[in-house]
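Let's walk through this one together, starting with the overall build and then zooming in on a few spots. Have a look at the chain first.

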Amino acid sequence: MTGRLRRAVVALAALGLLAGPAACGEAGGGHRTASSPGALRIGVLLPDSTSRFYHFDKPLIEQRIHQLCPGCAVETVSAQHDVATQQQQMDAMITKRVDVLILDATDSRSLRSPVEDAHRAGIPVVAYDRLAEGPISAYVSFDGAKVGRLQAEALLRALGPNARRAQIVMMNGASTDPNSAWFKRGALSVLRGKVRIGKSYDTADWRPEAANGNMTAAIAALGADHINGVYSANDSLAAGIISALKAAKISPLPPITGQDAELPAVQRILQGEQIMTVLKPFKPEADAAATMAVALGRGERLGRLAPDRINSPTLHDIPAVLLTPIEVTAANIKDTVVKNGMYTIDQICTPKYASACRKAGLTS
């Protein structure tokens with residue numbers, strides 16, 4: 001939809017000409033809860049229905065909204081990694097005259113126009129996890145520079161005293177995600193001058209298969225015996241990287257980092273296939289987004305709800321909540337992902353990982 005047509009739709013919606021009951025199912029996967037008359041209507045736009053955002057964040061956001069506003073309606077949709085789908089979903093939310101939006105943008109730049117349309121329609125937008133461009137009202141995420149530093153510091157520790165003579169591959173996230181550049185800057189602030197970076201890739205759409213292809217190319221270019229470590233921006237990329245290394249019969253595997261504390265990654269850490277991951281506790285992030293959304297929907301100032309400030313390419317001094325990430329290694333699984341409630345010991349320590357769990361002290 002062009003900007004002109006989108007503005008026309010918003011204008012018609014403002015006159016009440018397009019108002020009407022919304023279907024419970026949305027393209028790309030949707031879920032809606034009923035509202036009380038006069039209650040807030042909150043739209044939640046997620047990038048996909050397969051990652052942590054749908055399985056962990058979505059129920060936590062909805063739960064917190066209903067705690068704060070029992071009569072509120074929440075409509076959650078998933079874009080399935082498709083920018084055009086998310087643009088259409090945003091247009092639909094604006095047309096329905098929702099009171100506030102929580103947006104986890106598939107592409108921060110491409111969603112700028114719909115964010116501007118929401119602003120013109122008087123609908124505040126809370127950017128979730130990724131910093132969308134345009135006149136957003138608030139932002140919540142984890143300190144991305146800290147994430148990158150944790151990953152890089154772990155990689156240097158694993159490389160040991162020979163780090164300066166070592167060669168690594170950097171597998172960064174998608175170039176369309178501003179968090180990728182944030183993680184990368186944090187990592188480079190630690191790695192630069194302390195290790196040789198043989199190859200560096202931006203991974204299309206954060207897809208494991210793209211990371212696999214990039215890693216295969218790196219092995220061909222650098223040689224199987226000349227890759228001493230891999231900076232992997234997250235756990236799904238690490239899975240694709242490890243698959244490529246195994247296909248090239250590289251053993252033992254070089255140290256590989258990660259992020260998101262996915263269950264398979266935690267199990268890979270126990271087996272020694274991945275050296276660490278980064279836990280970003282989902283509940284504080286989801287709670288902050290829900291709390292700010294309800295406040296904005298009620299026309300309240302954020303004040304102490306958003307103690308931080310951040311700049312986007314299009315806007316400065318955005319009210320924000322920046323949370324602290326946590327490193328996860330084999331030594332602290334019980335005190336991090338288990339204590340945090342992400343996984344139980346039984347979920348982690350399936351029969352395949354029984355020996356590794358005993359060695360890590362998770363089971364007796």
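How many helices and strands does the secondary structure of the protein chain come to? The count is 13 helices and 13 strands. Keep in mind that this is a predicted model.

Now for the chain as a whole. It has 364 residues, and 53% of them count as buried. Take the contacts with a separation of 6 or more: residues 24 or more positions apart account for 72% of those. As for the outside, the accessible surface comes to about 15,600 Å², and carbon and sulfur atoms make up 51% of that.

Next, the aromatic rings. Searching the whole structure turns up three aromatic pairs. One of them joins Phe 56 and Phe 282, with 5.0 Å from centre to centre and 45 degrees between the planes, and it is tilted. Phe 56 belongs to helix H2 (residues 52–68) and Phe 282 to helix H10 (residues 282–297), so this pair ties together parts that sit 226 residues apart in sequence. The two partners are covered to unlike degrees, if you go by the classes: Phe 56 is partly exposed at 27% relative accessible area, whereas Phe 282 is buried at 3%. Another pair is made by Phe 183 and Trp 206; their ring centres are 6.3 Å apart and their planes are at 70 degrees, so this one is edge-to-face. Here too, distant parts of the chain get linked: Phe 183 is in helix H6 (residues 178–191), while Trp 206 is in the loop between strand S8 (196–202) and helix H7 (208–222), 23 residues away. Both Phe 183 and Trp 206 are buried.

Back to Phe 56 and Phe 282 for a moment: together with Tyr 343, they form one aromatic cluster. There's also a charge to look at, since Lys 58 lies over the face of Tyr 54, 5.2 Å from the ring centre.

Finally, the backbone has a few spots worth a click. Which peptide bond is cis, with omega near -5 degrees? That's the one from Ser 251 to Pro 252, and Pro 252 falls in the loop between helix H8 (235–247) and helix H9 (263–271). Gln 80 isn't a glycine, yet its phi is positive, near 55 degrees. You'll find Gln 80 in the loop between strand S3 (73–78) and helix H3 (83–95), where it counts as partly exposed at 37% relative accessibility. Asp 317, also not a glycine, has a positive phi of about 55 degrees. Its place is the loop between strand S11 (308–310) and strand S12 (318–323), and Asp 317 is exposed, with a relative accessible area of 54%.

Technical notes. Residues are numbered from 1 along each chain as its sequence is written. This is a predicted model: local features need pLDDT of at least 70, side-chain atom pairs count only at pLDDT 80 or more; totals for chains, interfaces and linings use all residues. Side-chain values use heavy atoms; hydrogens and water are left out. Helices (H or I, at least four residues) and strands (E, at least two) are DSSP runs, numbered from the N terminus. Buried means under 20% relative accessible area, exposed over 50%, partly exposed in between (1.4 Å probe, protein chains only). Contact means heavy atoms within 4.5 Å. Accessible areas come from the Shrake-Rupley method with a 1.4 Å probe; for residues, only the protein chains shown count as cover. Rings of Phe, Tyr and Trp (its six-membered ring) pair if their centres lie within 6.5 Å; planes under 30 degrees apart count as stacked, over 60 as edge-to-face and the rest as tilted. A charge sits over a ring if NZ of Lys or CZ of Arg is within 6 Å of the ring centre and within 35 degrees of the ring normal.
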